[in-house]
Structures are given as structure tokens and as C-alpha cells.
Amino acid sequence: MLGVSPDKDIELEEVGSSYYAKQLNFVSIQTQQDFLNLVENAINNNNGKLEGYYYIETDVDLTGYGTWTPVALDNCILDFGGEAGEDIHKISNLLLGKNISGIMGLFTTMQNSSVLNLKIEDVQVSANATYFGALVGKVIKTNESSTISNVSATYLTSITDRTIDYFGGLVAYADSVIIENCSVGGVNVVNGKIKNAGGLVGKLASGTIAGAEIDILNISGTDTVGGLVAINNGTIKAYNYTEGDSTEEQTKLNTGNVKISYDGSNIAKVGGVVADNSGSTADGEFTVSIKVKSGLTTTIKTKATGVNNIQLLDVE
């Protein structure tokens, strides 16, 4: 049996960047086919919801699989580090072209759930969406925060001629979430109507982002574009951690190499790190180039979180 009913009173303890259940009720997913069966079972037998606790012990290569059908994570933990917690497994060649109620990603929504130790490689986008994130479209607020830790996403091809209302390289819209030690690379968004676009998160409604790394080749948008987050109502801070048996605390800042092209209306906002900020931020290390269509009175915010090496270029 691949499914398991989660114990809502389970306690988690942090070890490095991973979380391990003190109670031994995780199910081990050993093969790619086991993982695909797990997802298909959620679609066919549980209204598209994946529940339970799982160690993922394998890489998943979706070459030839076709367009991915996403599921929702509900009171679920997926640890791609395996039972030993020492690995980072990957899902590669992910074709995202099917949205569920306007939401598109590897997963549609998360609530009271965690995804740990995952690399998503060679993402391709072939459809429009209200919410798009390579990992998840929306993190839904509950009385317990969801956690995304040590997760990365890289893109294979440009995202071209798409209409997306909330775009995040990893998460489109996040409420009540902890996002730590995550990264996004290879994003090239062109010739579309992309709103509320952030390199990592489109909108952080509440929660924290810590120790993010962004390497964006180019992100363009028509309304509110930020190198890390488009709209921030939460907390952006450094990531503090320890390694192995050491008790010495290490610090990882949010970092990025960001190129933004803006060609929208004259009343929106562009930020090298955060475009629209009503939350709290901490210094990071970002190199930012912003190109703004000539003649616009766009509000450009570049200094919010330790941005350096700013270039502001008008383009006709």
C-alpha cells in the first residue's frame, strides 16, 4: 500500500536542512513507477489530493511522459532526501501545461505540508495560468505553516507568449510558509503578459523566505516585477544553520543575479529584489540590471535589500 493516514500529532525535528519524523510512519517510495503510481492514485481515488508521509528514494525522469497532471498536497510530507536524509533526488524534464482551476505547477496547492531536498530540472511551460510556480501554484494558509526546504528549480526553455497573473520561479502565491535554502535558475520569461512576477515567489502573503539564491537570465513582465519576490507581506531574512555535528552557526544570505525587462503600464512597480514591499527584509547580495521602456514613470525600487551594481537602462 502506497498511502498512509498521517498522524496529525507528529513531531518534527530539524537536522541541517531536513526534517525527520520522530515516529516511524513514513512510506518509502523506491522506484520511479512507485512515485508515478502514488500521484495517479491521488488523482483517481482521492480527488487529486496527496496525503501522508513519504521518503522518496529515487530520481524521476519524465522524458516522454507528456504533460504533467498536478495534485494537491494536503497534510503531506515528501522528503526527496530519502530515509537516510543524505540525498537530494531530482524530478527532470517536467512539462507543465495543464492547470487545475487556473493553478499550475508540479503541485497545485500545499496546506500543512512539506517538500524537502528536491531538484526540479529542465522545466518547460506550455499553457497560461492564474497561478504558476515550478514547485507549487499556491501555498494555502492553515493553522500550521507549510515548509519548503532545500528545493531548487531550473528551466530548460524560455517561457514565451504566456498570460500568468501570479508567477514565481518556485511558488506563485505563498501564505503561511517557511521557504529556506531554495534556489531558481535559468528563467527566461519573454513576450507575455506576466503579472506579479518574482524570481522565487510571486506574492509572499505571510511567512518567511531565508537563504534564497536566484540566477535569472531574464524576467520580463507587464505589472509588478521583483527579482526575488514581486509582492512581499512576509519576512525575508538570512538563513542560519549548523552543519553535521558542529554547533557553530552558519549564515547564508539571499543572493541573486537578476536581469529585469519591464514594458508594462506607467503605474506598476519594478524591484531588483522586491517590487512591492510591506513586510520586512534583510540585506542580501544582489546584482541587478533593470531595463525600462522609454517614457514610463514606473516606480523602480532597487535598494530595499542590499542591492549592488545597479544598472538602469531605457529601451525603446
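Author: Before we start: two strands count as a pair here if DSSP finds at least two bridges between them. Also keep in mind that this is a predicted model.

Reader: OK, then how many bridges hold strand β13 to strand β17, and in which sense do they pair?
Author: The strands are residues 136-139 for β13 and residues 171-174 for β17. Pairing needs at least two bridges. These two strands meet that in the parallel sense, with a bridge count of three.

Reader: Which residue of β17 is the bridge partner of K138?
Author: K138 has its partner in β17, a strand that covers residues 171-174. The partner is Y173.

Reader: And going on from β17, which residue of β21 is the bridge partner of Y173?
Author: β17 also pairs with strand β21, residues 201-204, in the parallel sense over three bridges. Within that pairing, the partner of Y173 is K203.

Reader: Back to K138: how far is K138 from the ring centre of Y173?
Author: Besides being the bridge partner of Y173, K138 lies over the face of the Y173 ring. To sit over a ring, the Lys NZ has to be within 6 Å of the ring centre. K138 qualifies, at 5.5 Å.

Reader: Is Y173 buried or exposed?
Author: The cut-off for buried is under 20% relative accessible area. Y173 comes out at 18% relative accessibility, so Y173 counts as buried.

Reader: Let's talk rings. How many aromatic pairs are there in the whole structure, and what is the geometry of Y65 and W68?
Author: The search turns up nine aromatic pairs. For Y65 and W68, the ring centres are 5.7 Å apart and the planes meet at 45°. Planes under 30 degrees apart would be stacked and over 60 would be edge-to-face, so this pair is tilted.

Reader: What is the angle between the planes of Y166 and Y173?
Author: Y166 and Y173 form an aromatic pair with a centre-to-centre distance of 5.9 Å. The pair is edge-to-face, with its planes at 90°.

Reader: Of Y65 and W68, which one counts as buried?
Author: Y65 has 33% relative accessibility, so that residue counts as partly exposed. Its ring partner comes to 2%, which means buried, and that is W68.

Reader: Which residues make one aromatic cluster with F26?
Author: The cluster joins F26 to two tyrosines. They are Y53 and Y55.

Reader: Now β14. Why would you call that strand largely enclosed, and how many of its residues are buried?
Author: β14 covers residues 146-155. It is largely enclosed by the rest of the structure, because of its 10 residues the buried count is nine.

Reader: How many bridges join β14 to strand β11, to strand β18 and to strand β19?
Author: With strand β11, residues 114-125, β14 runs parallel, and V123 has Y155 as its bridge partner. With strand β18, residues 177-180, β14 is again parallel, and T147 stands opposite I178. With strand β19, residues 183-190, the sense is parallel too, and T154 stands opposite G185. The bridge counts are seven for β11, four for β18 and, for β19, three.

Reader: What is the C-alpha separation of V151 and L116?
Author: V151 lies in β14 and, at 1% relative accessibility, counts as buried. V151 touches residues including V115, L116, N117, L118, L135 and L170. V151 and L116 are 35 residues apart along the chain, yet their C-alpha atoms are separated by 6.3 Å.

Reader: What about helix α1: how far apart are its end C-alpha atoms?
Author: α1 has 14 residues, 32-45, and at 1.5 Å a residue they should span 20 Å. The model agrees, because the end C-alpha atoms are separated by 20 Å.

Reader: What arc do the buried residues of α1 cover?
Author: The buried residues in α1 are F35, L36, L38, V39 and A42. They sit on the same side of α1, because around the axis they cover an arc of only 155°.

Reader: And which residues of α1 are exposed on the other side?
Author: The buried residues are covered by elements including β3, β4 and β6. On the other side of the helix, the exposed residues are N44 and N45.

Reader: Last one: what share of the 316 residues is buried?
Author: The chain comes to one helix and 34 strands. Of contacts with a separation of 6 or more, 77% join residues 24 or more positions apart. The buried share of the residues is 52%.

Note on methods
Residues are numbered from 1 along each chain as its sequence is written. This is a predicted model: local features need pLDDT of at least 70, side-chain atom pairs count only at pLDDT 80 or more; totals for chains, interfaces and linings use all residues. Side-chain values use heavy atoms; hydrogens and water are left out. Buried means under 20% relative accessible area, exposed over 50%, partly exposed in between (1.4 Å probe, protein chains only). Contact means heavy atoms within 4.5 Å. The expected span of a helix is 1.5 Å times one less than its number of residues. The arc is that of the directions from the helix axis to the C-beta atoms. Rings of Phe, Tyr and Trp (its six-membered ring) pair if their centres lie within 6.5 Å; planes under 30 degrees apart count as stacked, over 60 as edge-to-face and the rest as tilted. A charge sits over a ring if NZ of Lys or CZ of Arg is within 6 Å of the ring centre and within 35 degrees of the ring normal. Lists of a residue's contacts leave out its neighbours within four places in sequence.
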